[in-house]
Every structure is written in structure tokens, then in C-alpha cells.
Amino acid sequence: MSQNNTVHFVSLGCPKNLVDTEIMLGSLMKEGYSVVDQPEQADTVIINTCGFIEESKKESIDKVLEMAQLKTKGQLQKLVVAGCLTQRYKEDLVEGLPEADLFVGSGEFQNIAGILKSSREGSTEKKFFHLPTYLQEETSPRVNSQPGYRAYLKISEGCKKRCAFCAIPLIRGNLQSRKLKNILSEAQLLVAGGVKELIIISHDFTDFGWDLKKRDPEATESPYELLKTLADESGAEWIRVLYLYPDGVTPELVELIRSRKNLVKYFDMPLQHINNEMLKKMNRRMTREQVERVIQNIRSQIPEAVIRTQFIVGFPGETEEHFQELLEFVARNRFDRVGCFMYSQEEGTKAGHLPDQVDEATKQRRHDQLMELQRQISAESQSKMVGQILPVLVEGLSEETELLLQGRNSQQAPEIDGVTYINAGQAQVGQIVPVRITGHHDYDLVGEIVE
Ligand code: SF4
């Protein structure tokens, strides 16, 4: 049976959404709520939804319907649907989900404590959809939901680019960057609390500060300044940057990453496609030749750099030739990590109205073909790691067997990449230890701690 002031969170979607969840958690805990692991023990369930593509929308709605069953059974008092799906579909969602009590968009999640309080006091207002203008401060209440040795650091909201397939600007609005000193203070606080790995997140790291500079040409915020300041002043042992638009990966930025030991040599650079016609239709601002120059720069400046990228297959008008060009590009460039999305036709986006939409079976075939190619490339590049000694952040016992420890070397990002299993040696959770790689799977590594 649930008690008063107990809340259970479900956070769906990307790490940016997770940070919003952490701020809601912090606000509610400040108001005396206790957070429970099981929804059955809670009187309030908050689902922070994702509304990016068809698959994530479906996952969000399924979760709301699943939690709604607890309400039917009388176990739950309030069901709150927050986040991107709410922000995107507003009234339609309210109409379609009568099971939910409150709808809190991406511009209102920071007020969750007040919203719940009014609702409990009898307010009948159930929709909160203001434009997302909120930017967290270093003083914002936030509970790090990650293991204590790592944390996400959100540096901006929204995006200034307009890729034709992407619904993010519709949901999250235009770019709003946080002040550099505010981000640094938050980073220092996290490190003082035991965080060793900071993972910088935004929709596009390379535009950081553009909006601030537009308002005030004296503003010092830029991707370079941010990374340099965090590397030199945060105290973090590993700093990882996610989501780099390739045109902002300048030789200066690459040199900075090369020169600082705590900047992880990991370039997460979604390319989406490589055929010039596709890139243009996608409203990407680069040609194949320009993209290749960026890759060449990274590899010549930092030969050991890991490059992760992501592609979309089945974008409207993608022919077999376009796809073959993409396959050939992937085969030639041998990226360390590749993610692949099947194009999702999204209303409100430019590509949603394009002719020549590709059928689902073709998308699936192209997806599978690309990922099979990447599996072979990955296995081969993993085999080259055998014999190397890499620093590994120990994360605990293996999920596969308690006989092994499990961790990540600096080339493995949490939740998206593989892991490193440790089959010899002892270490504490959160320790960074040298591990000699002795074996590999397609995506994971195996090694032993070097005493
Ligand atoms: S840069 Fe990323 S978030 Fe921005 S519009 Fe393009 S795909 Fe969307």
C-alpha cells in the first residue's frame, strides 16, 4: 500500500531528459517527498516521456498505459505525464490519455513540486505547457541518478539548427546556452561529491554560446572555452563530450582534446548520411568532402581517437545507390562505433512532407545491412585492442556473472557502447585502474587489472 508523498519516476529517452528528471527529483525531495523504486509503493508516478521518433512515442504511451493500471486498481493517486511527448502533442495527448492527472511540458518540469501541491489541494488545472525557457542553475536542486562516480552535465537547451528530419527544435525550442561560470560551478560541485566522469550533453555541443554571443559580443562562451575551462578547472578525471555537429569539430578543438589528459579522446559525431544529395535534403550544412576532411583531421591529430557516429537510413528519396554509397563510406572509414536509425516520418518537420517516402521493409533491410557491416568492423577493431593497457573505470560486478567485475575504458560511453569485463584483479567501484586487454567480443572487451 502506498504512503503519502511517495513518488516513483520513469525517465525515458536521452540523457538530456534524464537531467530534467534529476531536477524534478531534487525539487520533490526538497519538499519532503521520498522516492521509491517500485511504482506500486508510490502515491504519485511521474513519467518523463520522449517524443522524438515513432518508436520513442510508442514506448512513452505504453508506459503511461501500464502505470494507469495501478490507478485503476486504486494503488495510485496521481499519474503525471511530463517531458517531450507532452510538450509536442499538448492538447491531443490530454484528450488521448484521460487516465493521466497532470501534463507537464518541457518548459514546466522545474515547477513540478508546486504543480503537485496545487493539484493535491484541489486545483483542477491539469495542463502546463509553457515554452521551454528554463535553464538550470548550479543551485537548481538536482539529484544525480547515475552511479556516484559519473554525472551528465547539461550545457544548453534547444537547438539552433534545423535538420529536416528532426523534431527537437519543435519540442525544445531554440538554442539557449547556460553561462560558462554556472556550468563550471556545477561541474566542481559534482566532482566534490565524488564524480570522476563528467559527460557533457546538449543537442549540439558545437553551437554552445552562439546565442549568448549574439546578444552580447563580449560573451566568452564558446565550445573551446567551455572545454578548456572544464578540463583545467573542474577537477574531473574524465570529461566526455556527446553530440558534435561535424562542422564545429575544428582543428583547434581537436588540438585542445589532444592536449588535455582528462579530455577523453572520444568524438561522438552524428553524420546522418554521406551522399551529397541526401545531406542537402536533410538540411545538413556540409558536403561529403567537408565531412571527410573533419574525419581526416581527427585521425591525423589523434590517431588513437575513437569516433562514434550515427546514420539515418530510409530518408525520403534515398535510393539503392545512395544507400550503397553510405555502406561503402562506412566500410572505408571503419568507425569505432556506429548507431543507425530508420527514418521516422514526423509531422511538423520539413522531411515529413517530402515525396518518395521509403517503405518500412526497405528501411529495415538497409538498417540490418549497415549494422551487420558495422558488427564485423567493430569485432575487427576490438581485436586490435588486445595487448593494450587501458584505464578502466570500475562499475561493479558484471551483469552477466558475479565472478567478473565490469567497467568501461575511456573509449566506452555509458549505456551506448560496450563494456570491459575484468577477470583478474581487485578494485573498488568508482576506481580507475589500468587493465590489460586479453580478449574481446563484437562490442565488449575482456582484461585483467595490471598490479
Ligand atoms: S543538430 Fe541535432 S538536434 Fe539540432 S536539428 Fe539537427 S539533428 Fe536535431
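**Exercise 1. Strand pairing in the open sheet**

Determine which residue of strand 14 is the bridge partner of Arg308, and place the two strands within their sheet in this predicted model.

*Solution.*
Step 1. The bridge partner of Arg308 is Arg337, a residue of strand 14.
Step 2. Strand 13 covers residues 306-313 and is joined to strand 14 by six bridges, in the parallel sense.
Step 3. The sheet that holds them is open, has three strands in the order 12-13-14, and is paired in parallel.
Step 4. Strand 12 (266-268) and strand 14 (337-342) each have a single partner strand, so they stand at the edges, and one side of each has no neighbour in the sheet.
Step 5. From one strand to the next, the twist averages 15°.

**Exercise 2. Two helices and their contact**

Describe how helix 12 and helix 13 pack, and state which residues meet between them.

*Solution.*
Step 1. A pair of packed helices is described by the angle between the axes and by the distance between the axes.
Step 2. For helix 12 (residues 320-333) and helix 13 (residues 360-383), the angle is about 15° and the axes are 10 Å apart.
Step 3. Angles under 35 degrees count as roughly parallel; helix 12 and helix 13 are therefore roughly parallel to each other.
Step 4. The crossing of helix 12 past helix 13 is right-handed.
Step 5. Helix 12 contributes Phe323, Leu327, Val330 and Ala331, which meet Arg366, Gln369, Leu370, Leu373 and Gln374 of helix 13.
Step 6. Sorted by class, this contact of helix 12 with helix 13 comprises six nonpolar, two polar and one charged residues.
Step 7. Helix 13 also lies across strand 13 and strand 14, and runs at about 175° to strand 14.

**Exercise 3. The closed barrel**

Give the strand order of the closed barrel, and identify the bridge partner of Leu397 in strand 16.

*Solution.*
Step 1. The barrel has five strands, running 15-16-17-19-18, and its pairing is mixed.
Step 2. Neighbouring strands of this sheet are turned against each other by 55° on average, with direction ignored.
Step 3. Strand 15 (residues 389-397) and strand 16 (residues 405-409) run antiparallel and are joined by five bridges.
Step 4. Leu397 has Leu405, in strand 16, as its bridge partner.

**Exercise 4. The surroundings of the ligand**

List the residues that surround the ligand, and sort this shell by class.

*Solution.*
Step 1. Around the ligand stand Cys159, Lys161, Arg162, Cys163, Cys166, Ile168, Pro169, His203, Asp204 and Tyr245.
Step 2. The shell consists of six nonpolar, one polar and three charged residues.

Methods:
Residues are numbered from 1 along each chain as its sequence is written. This is a predicted model: local features need pLDDT of at least 70, side-chain atom pairs count only at pLDDT 80 or more; totals for chains, interfaces and linings use all residues. A residue is near a molecule or strand if its C-beta atom, placed from the backbone, lies within 6 Å of it. Ala, Val, Leu, Ile, Met, Phe, Trp, Tyr, Cys and Pro count as nonpolar, Asp, Glu, Lys and Arg as charged, and the others, Gly among them, as polar. Axes are lines fitted to C-alpha atoms, for helices over the stretch in contact, and angles run from 0 to 180 degrees between N-to-C directions. Helices (H or I, at least four residues) and strands (E, at least two) are DSSP runs, numbered from the N terminus. Angles under 35 degrees count as roughly parallel, over 145 as roughly antiparallel, 65 to 115 as roughly perpendicular and the rest as oblique. A crossing is left-handed if the near helix is turned anticlockwise from the far one by less than a right angle, and right-handed if clockwise. Two residues are in contact if their C-beta atoms, placed from the backbone, lie within 7 Å. Two strands pair if DSSP finds at least two bridges between them.
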